[in-house]
Amino acid sequence: MKIIVLVKHVPDAQFDRHLTGEGYTTDRNESILSELDEYALEAALQLAEARGGAKAGNQVIALSMGASGAVNAVKKSLQMGATEGVHLTDSALAGSDAAATSLALAAAIRHIGTGAPVDLVLTGMASTDGETSLVPAQLAERLGLPQVTFASSLTVDGGRLTARRDADTYSETVEATLPAVVSVTDQINEPRYPNFKGIIAAKRKSITTLSLADIGVDPAHVGHAGSWTTVTAAEERPPRTAGTIITDEGDAGIKLVDFLAAQKLL
């Protein structure tokens, strides 16, 4: 199998997030591989390993789009077990919204599939920065492929895949033919940690760098110019105000009820 996993370099959730520049783009100085994408990568690795792994010709390709720092998401993926990496980077991509992002990624996937076609494209359920969950569906539309979203289990048998999608009160099982685009949830597996062997092995794995020219995309169709949405204003979240302290002098219960009533919470 030839599987592409989309991996994103996102701001570390341990730190406050900031917007920068005239287009209010995300500051990615303190960024890591999106943890939701680790579930997609683990799903791909399990599918490949069940078929004999890289020795049997199975490929798991980590694809990331972004500035120079985004290559670190690819490197982490290689350490986890991906067989190779692709970094799509171009100054014209800065400020791309979900639509422009899916356009560029679709072109990159077609480029990677030249010669040996791609069997499966896996993504996380969302990115931990934008959290739109739009890109998987847009990718499927642009590539003309079946899509299965929010899969909590995934199996592949021959040229068909079977996935389970869990809702609040029910689960449904869906099938699709390959090739397909599938987004997976954080319930599908438990991603592995890179071990020492994997970290050393990653140093010998290849990372291909692609530009917009390489994949045949007009710079006018991505970035701020090609985006369908625009951020027109943004401001810092106001600091938290001091809370109300109720001292129990025998009437704390009454004071609490009065406070909740004043806040219209009762």
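**Chat about a predicted model: strands, a surface patch and an alanine**

Modeller: Before you ask, this is a predicted model. Let me open with strand E8, where both faces are covered: Leu120, Leu122 and Gly124 are buried on one side, and Val121 and Thr123 are buried on the other.

Biologist: OK, so where does E8 sit in the sequence, and how many of its residues are buried?

Modeller: E8 spans residues 120-124, and five of its five residues are buried.

Biologist: Which way does E1 run next to E8, parallel or antiparallel?

Modeller: Parallel. E1, residues 2-6, is joined to E8 by three bridges. One pairing to look for there is Ile4 with Val121 of E8.

Biologist: And how many bridges are there between E8 and E13?

Modeller: Five, again in the parallel sense, with E13 covering residues 180-184. If you want a spot to click on, Gly124 stands opposite Val184 in E13.

Biologist: Switching topic. What makes up the nonpolar patch on the surface?

Modeller: Ile246, Leu256 and Phe259, which together have about 220 Å² of accessible area.

Biologist: Which helix is Phe259 in?

Modeller: Phe259 belongs to H8, the helix at residues 252-262.

Biologist: Why does Phe259 count as partly exposed?

Modeller: Because its relative accessibility is 32%, and partly exposed runs between the 20% and 50% cut-offs.

Biologist: Now Ala202. Buried or exposed?

Modeller: Buried, because Ala202 has a relative accessibility of 12%, and the cut-off for buried is under 20%. Ala202 is in helix H5, residues 196-202.

Biologist: What does Ala202 touch?

Modeller: Leaving out residues up to four places away in sequence, Ala202 touches Leu78 and Gln79.

Biologist: How far apart are Ala202 and Ala261 in space?

Modeller: They are 59 Å apart, C-alpha to C-alpha, and the sequence separation is 59 residues.

Biologist: Funny numbers. Back to strands: what's the order in the open sheet of three?

Modeller: E10-E11-E12, and the pairing is antiparallel. Strand E10 (153-157) and strand E12 (171-177) stand at the edges with a single partner strand each, so one side of each has no neighbour in the sheet. From one strand to the next, the twist averages 20°.

Biologist: How many bridges join E10 to E11?

Modeller: Five, and the two strands run antiparallel, with E11 at residues 160-166.

Biologist: Which residue in E11 is the bridge partner of Asp157?

Modeller: That's Arg160.

How values were computed: Residues are numbered from 1 along each chain as its sequence is written. This is a predicted model: local features need pLDDT of at least 70, side-chain atom pairs count only at pLDDT 80 or more; totals for chains, interfaces and linings use all residues. Side-chain values use heavy atoms; hydrogens and water are left out. Buried means under 20% relative accessible area, exposed over 50%, partly exposed in between (1.4 Å probe, protein chains only). Helices (H or I, at least four residues) and strands (E, at least two) are DSSP runs, numbered from the N terminus. Two strands pair if DSSP finds at least two bridges between them. Patches are made of residues with over 30% relative accessible area and no salt bridge: like charges are joined within 9 Å, nonpolar side chains (Val, Leu, Ile, Met, Phe, Trp, Tyr) within 5 Å. Accessible areas come from the Shrake-Rupley method with a 1.4 Å probe; for residues, only the protein chains shown count as cover. A salt bridge is a side-chain nitrogen of Lys or Arg within 4 Å of a carboxyl oxygen of Asp or Glu. Contact means heavy atoms within 4.5 Å. Axes are lines fitted to C-alpha atoms, for helices over the stretch in contact, and angles run from 0 to 180 degrees between N-to-C directions.
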